[in-house]
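Colleague: Got a minute to go through this one with me? I'd like to hear the reasoning behind the labels.

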Amino acid sequence: MGSVVQICGGRAALQTLSPATARPRLTGLALLAGDLAGLMAAAALGGAVWSATHPEAPAWGVWPLGAACVAAYALFGLYPGVGINPAEELRRVVLAVSLVYLAGSAAIFLGKQAALHSRGVYVCSWAAALVLAPAARGVVRGVCASRSWWGAPVLIVGAGEAARTVLRRLTEEPALGWRPFAVVDEREARELATELVSALRIRHVLVAMPETSRAELLRSVERLGAVFPHVIVVPDLLGMASLWVSARDLNGVLGLEIRQNLLSPFNRRLKRGLDILLAAAAAACALPVIALAALLIRRKSRGPAFYAQEREGENGRRIRIWKLRTMHPDAESLLERHLAADPSAREEWRQFLKLKRDPRVIPGIGSWLRRTSLDELPQLWNVLRGEMSLVGPRPFPAYHLERFPPEFLNLRRRVRPGLTGLWQVSSRSDGDLETQQKLDTYYIRNWSPWLDLYILARTVRAVLGARGAY
């Protein structure tokens, strides 16, 4: 990300700043190249898959849709692609691709050119694009986020805790594309405005001054808006939902509609439908892996290959979740003896409630299952039974839940626990209790099908990389 400068000396301090090297146009071009690569790959894959069984099918007709998809991306605000949440970006990409393919199909039908095109190639390419198009954007963001030219420079106006929070959040997520250039107060921003816009091409300002009076905040926004094309006001609503918030015009009064998505009956039925569909498909693929792992566990350690644990489910009711056994039968006594003999292990357990070198784990197969999280696969049965969801807060044991504050526990109990979650794909075992609470709260308050699909896609990458798991 590079360093962020705290301006404290007005116009004279401008000479000490590093150049704002982030280039939105270059960022947009990088995403455009990735989009074309992903869409062309989807067209090629769709044609190859269908032509394998239908060699006579024409495959060339789907190629122009790639350019049309890029045009639709532009209409959906995906260029230069700065400041878009990953779940929102997934939603826009899927909708843009789907609209283009549906429009292409309609054009073929209305133009009576069905004989020149293959419906099978269209369907296969469409399905491939729904996976490869978002994946290509993810690859570009992952590769380019550390480059000095990535994103757009942004000026943060504010001097309190809100400004520091915004700075920290943007610095933690460079792929988002907001590159904090400096943190200034409102007076310094006005004094430096001309130089910042003309010389450094800074177009975006984040105003984080919730402690300022309403009248003064309005005046500040008006003054900044006269120079900077984009002024974003950060309201004093930290901790509330931030995704899917809609602005409402109340006859000249600004209102923010914050939807509680997981309280909607329709959304809960939609989430349950996705769980059944995806869990059934995943279970069919997982059965051979579970059977092989169970056989290896039995050969390595005495006792059953599976075990059940009682955990807290939705509305606080008790559920039994299933796992492949990765620990020795006398795990608890092994842990007690290890903690009693090793002060550093006691401190690690106190902070994370996990150990990187855990004496309870079965060597070999147990360590591998935990590192890849494949020991959780039997919980697909819990998902199909309706006791769990594919995505949600993890069902922690009682000693883990006791460490959380009551208000967070009440929030967790409003949703089904998940097989995976935002904490798992972001931090996994590297995240402490505060990180777990922050990420689970974000998920519950900002739920949508797109956020679930994004987390599921990230889960595959997290498992393959085995980062932070032990």
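**Reasons behind the labels**

Modeller: Let's start with threonine 27, which counts as buried because its relative accessibility is 1%. Keep in mind that this is a predicted model.

Colleague: What makes 1% low enough for threonine 27 to be called buried?

Modeller: The label buried needs a value under 20%. Threonine 27 has 1%, so buried it is.

Colleague: And where is threonine 27, and what does threonine 27 touch?

Modeller: Threonine 27 sits in helix H1, residues 24-53. Leaving aside residues up to four places away in sequence, threonine 27 touches Pro80, Val82, Trp149, Trp150 and Gly151.

Colleague: Pro80 is on that list. Where is proline 80, and what kind of peptide bond leads to it from tyrosine 79?

Modeller: Proline 80 lies in the loop between H2 and H3. The bond from tyrosine 79 to proline 80 is cis, with omega near 5 degrees. For background, most peptide bonds are trans.

Colleague: Then on to the helices. Why are H1 and H2 called oblique?

Modeller: Their axes cross at roughly 140 degrees and come within 9 Å. Roughly antiparallel would take an angle over 145, and roughly perpendicular runs from 65 to 115. The H1 and H2 angle fits neither, and therefore the two are oblique to each other. H1 passes H2 in a right-handed crossing.

Colleague: Which residues make that contact?

Modeller: From H1 there are Leu32, Asp35, Leu36, Leu39 and Met40, and from H2 there are Gly66, Cys69, Val70 and Tyr73. Sorted by type, the contact of H1 with H2 has 7 nonpolar, 1 polar and 1 charged.

Colleague: How do you know that H2 is oblique to H3?

Modeller: Helix H2 (residues 64-75) and helix H3 (residues 86-110) pack at about 135 degrees, with axes 9 Å apart. That angle makes H2 oblique to H3. H2 passes H3 in a right-handed crossing. On the H2 side, the contact uses Leu65, Ala68, Cys69, Ala72 and Tyr73, and H3 brings Val93, Ala96, Val97, Val100, Tyr101 and Gly104. Those residues divide into 10 nonpolar, 1 polar and no charged.

Colleague: Now the rings. How many aromatic pairs are there?

Modeller: The count comes to 8 aromatic pairs. Take tyrosine 73 and tyrosine 79, whose ring centres are 6.3 Å apart with planes at 45 degrees.

Colleague: What makes that pair of tyrosine 73 and tyrosine 79 tilted?

Modeller: Two checks. Centres have to lie within 6.5 Å to pair, and planes under 30 degrees apart would be stacked, over 60 edge-to-face. At 6.3 Å and 45 degrees, tyrosine 73 and tyrosine 79 pair up, so tilted is the word.

Colleague: Are those two tyrosines, 73 and 79, buried or partly exposed?

Modeller: Tyrosine 73 counts as buried, because its relative accessibility is 0%. Tyrosine 79 has 22%, so it counts as partly exposed.

Colleague: How do you know that asparagine 315 is exposed?

Modeller: Exposed needs over 50%. Asparagine 315 has a relative accessible area of 64%, so the label fits. Asparagine 315 is in the loop between strand E8 (306-312) and strand E9 (318-324), and has a positive phi near 60 degrees without being a glycine.

Colleague: And what about serine 373, found in the loop between helix H11 and helix H12?

Modeller: Serine 373 also isn't a glycine, and its phi is positive at about 65 degrees. Its relative accessible area is 24%, so serine 373 is partly exposed.

Note on methods
Residues numbered from 1 in each chain as written. Predicted model: local features only at pLDDT ≥ 70, side-chain atom pairs only at ≥ 80, totals over all residues. Heavy atoms only, no water. Helix = DSSP H or I, 4+ residues; strand = E, 2+ residues; numbered from the N terminus. Buried < 20%, exposed > 50% of the residue type's maximum accessible area, 1.4 Å probe, protein only. Contact = heavy atoms within 4.5 Å. Axes fitted to C-alpha atoms, helices over the stretch in contact; angles between N-to-C directions. Parallel < 35°, antiparallel > 145°, perpendicular 65-115°, else oblique. Left-handed = near helix turned anticlockwise from the far one by under 90°. Nonpolar A, V, L, I, M, F, W, Y, C, P; charged D, E, K, R; others polar. Phe/Tyr/Trp six-rings, centres within 6.5 Å; stacked < 30°, edge-to-face > 60°.
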